[in-house]
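Work through the following exercises with the sequence and the model open. Each task is followed by a solution in steps.

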Amino acid sequence: MSTNDTSALAGALSPESVLIGLAFNLGSLLVSHLTHAKAPQEIIDAAQKVVTDIEAHAQDTMTAAQWDALRVPIPGQAPDAPAPAIGGGS
Amino acid sequence: MSYKHLARLLTGVAATLSLLLLVACSPIEKQAYRVAVGGHAFLMSIQSAHPECNDPKTETKLCTILRQASAAHNLLVDAGKIYCTGGDFMGGGACHPPSKKDPAYQVAADKLQAALTNYEQLESDLRGAYK
């Protein structure tokens, strides 16, 4: 991640973009701090994941694939499949 | 700086980032999506920190709420997808919410709002259990 990436995120200058840019910067700062503090690698990886998620979803067109990527495993249960598409609700 | 301190710091920052992403006034599908983005990072960090919850026999308060919050999170994702299903959404296109004139609009909007409220409550409960 670079300063250019951060600038691109906040480039649109809408309030939402600025907030996302701010969140991205804070996350990046945290990753940098953890790295310098020689934190356990899994902690650094988790922090980096947060930053990556923010970056990946900054341009949120909210496609079906982007929604599906947000699903989480339920601890203690077998992984579940995405729900079938339902048009227009029921 | 201890491992636990770092883990708590990370969780706090993830929650703060989630809140930052929520501040802007947005349509409900964007609100839901951003809560889901923050919730994904939050839940995955808690799940990584508590692998014992992967054992179904582990029934601590934290594991129970973590399972409920994870299920509620996935329901939020499903409700978001249902709300967005229109236009070319199922063909890989962007979210296409129903028209407010569409009779299905209110049903889909109500379901998405209910899923959002339910998840936010469980995330709050999970934060309380994690302290």
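## Exercise 1: Disulfides

Task: Locate the bond between B:Cys84 and B:Cys95, give its handedness, and place both cysteines in the secondary structure.

Solution. The model is a predicted one.

Step 1. B:Cys84 and B:Cys95 are joined by a disulfide, with an S to S distance of 2.1 Å. The pair meets the criterion, since a disulfide needs sulfur atoms within 2.5 Å.

Step 2. About the S-S bond of B:Cys84 and B:Cys95 the torsion is about -85°, so this disulfide is left-handed.

Step 3. B:Cys84 belongs to helix α3 of chain B, while B:Cys95 sits in the loop between α3 and α4 (103-130) of that chain, so the bond ties together parts that are eleven residues apart in sequence.

Step 4. Both B:Cys84 and B:Cys95 are buried.

## Exercise 2: The remaining disulfide

Task: How many disulfides does a search of the whole structure find? Describe the link of B:Cys53 and B:Cys63, then give the pattern for chain B.

Solution.

Step 1. The search returns two disulfides over all chains.

Step 2. B:Cys53 is bonded to B:Cys63, S to S 2.0 Å. The angle about this S-S bond is -80°, and the link of B:Cys53 and B:Cys63 is left-handed.

Step 3. B:Cys53 lies in the loop between α2 (28-49) and α3 of chain B, and B:Cys63 lies in helix α3 of chain B, so this pair ties together parts that are ten residues apart in sequence.

Step 4. B:Cys53 and B:Cys63 are both buried.

Step 5. Counting bonded cysteines along chain B gives the pattern 1-2, 3-4.

## Exercise 3: Three positions on one helix

Task: For B:Ala72, B:His73 and B:Leu75, decide whether each residue is buried or exposed. Then list the contacts of B:Ala72 and B:His73, leaving out residues up to four places away in sequence.

Solution.

Step 1. B:His73 is in helix α3 (residues 61-84) of chain B. B:Ala72 lies in helix α3 of chain B, and B:Leu75 lies in helix α3 of chain B.

Step 2. Buried means under 20% relative accessible area, and exposed means over 50%. B:Ala72 has 3% relative accessibility and therefore counts as buried. B:His73 is at 0% and is therefore buried. B:Leu75 has a relative accessible area of 52% and is therefore exposed.

Step 3. B:Ala72 touches B:Asn118, B:Tyr119 and B:Leu122. The contacts of B:His73 include A:Leu70 and A:Val72 from chain A, and B:Ala36, B:Gly39, B:His40, B:Leu43 and B:Tyr119 from chain B.

Step 4. Two C-alpha separations complete the picture. B:Ala72 and B:Gln121 are 49 residues apart along the chain, and their C-alpha atoms are separated by 9.7 Å. For B:Leu75 and B:Ala114, 39 residues apart in sequence, the C-alpha to C-alpha distance is 10.0 Å.

## Exercise 4: Nonpolar cores

Task: Which elements each supply at least two residues of the largest nonpolar core, and which gives the most?

Solution.

Step 1. The largest nonpolar core has 38 residues. Those with the most contacts inside the core are A:Trp67, B:Leu43, B:Leu76, B:Tyr83, B:Leu112, B:Tyr119 and B:Leu126.

Step 2. At least two residues each come from α4 (64-68) of chain A and from α2, α3 and α4 of chain B.

Step 3. The most is given by α3(B), with eleven residues.

Step 4. Take B:Leu112 as a case. Neighbours within four places in sequence aside, B:Leu112 is in contact with B:Ile28, B:Glu29, B:Ala32, B:Leu76, B:Ala79, B:Gly80 and B:Tyr83.

Step 5. A second, separate core has 14 residues, among them A:Ala23, A:Leu30, A:Val31 and A:Ala47.

## Exercise 5: Chain A

Task: Summarise the secondary structure and surface of chain A, and find where A:Leu29 belongs.

Solution.

Step 1. Chain A has four helices and zero strands, in the order α-α-α-α from the N terminus.

Step 2. Of the 90 residues in chain A, 39% are buried. Chain A exposes about 4,800 Å², and carbon and sulfur atoms supply 62% of that area.

Step 3. A:Leu29 is in helix α2 (residues 15-36) of chain A. With a relative accessible area of 58%, A:Leu29 is exposed.

Step 4. A:Leu29 forms a nonpolar surface patch with A:Leu22 and A:Leu26, and their accessible area together is about 270 Å².

Definitions and conventions: Residues are numbered from 1 along each chain as its sequence is written. Chains are lettered from A and ligands numbered from 1 in the order in which they are written. This is a predicted model: local features need pLDDT of at least 70, side-chain atom pairs count only at pLDDT 80 or more; totals for chains, interfaces and linings use all residues. Side-chain values use heavy atoms; hydrogens and water are left out. Buried means under 20% relative accessible area, exposed over 50%, partly exposed in between (1.4 Å probe, protein chains only). Contact means heavy atoms within 4.5 Å. Patches are made of residues with over 30% relative accessible area and no salt bridge: like charges are joined within 9 Å, nonpolar side chains (Val, Leu, Ile, Met, Phe, Trp, Tyr) within 5 Å. Accessible areas come from the Shrake-Rupley method with a 1.4 Å probe; for residues, only the protein chains shown count as cover. A salt bridge is a side-chain nitrogen of Lys or Arg within 4 Å of a carboxyl oxygen of Asp or Glu. A nonpolar core is a set of buried Ala, Val, Leu, Ile, Met, Phe, Trp, Tyr and Cys residues joined through side-chain atoms within 4.5 Å.
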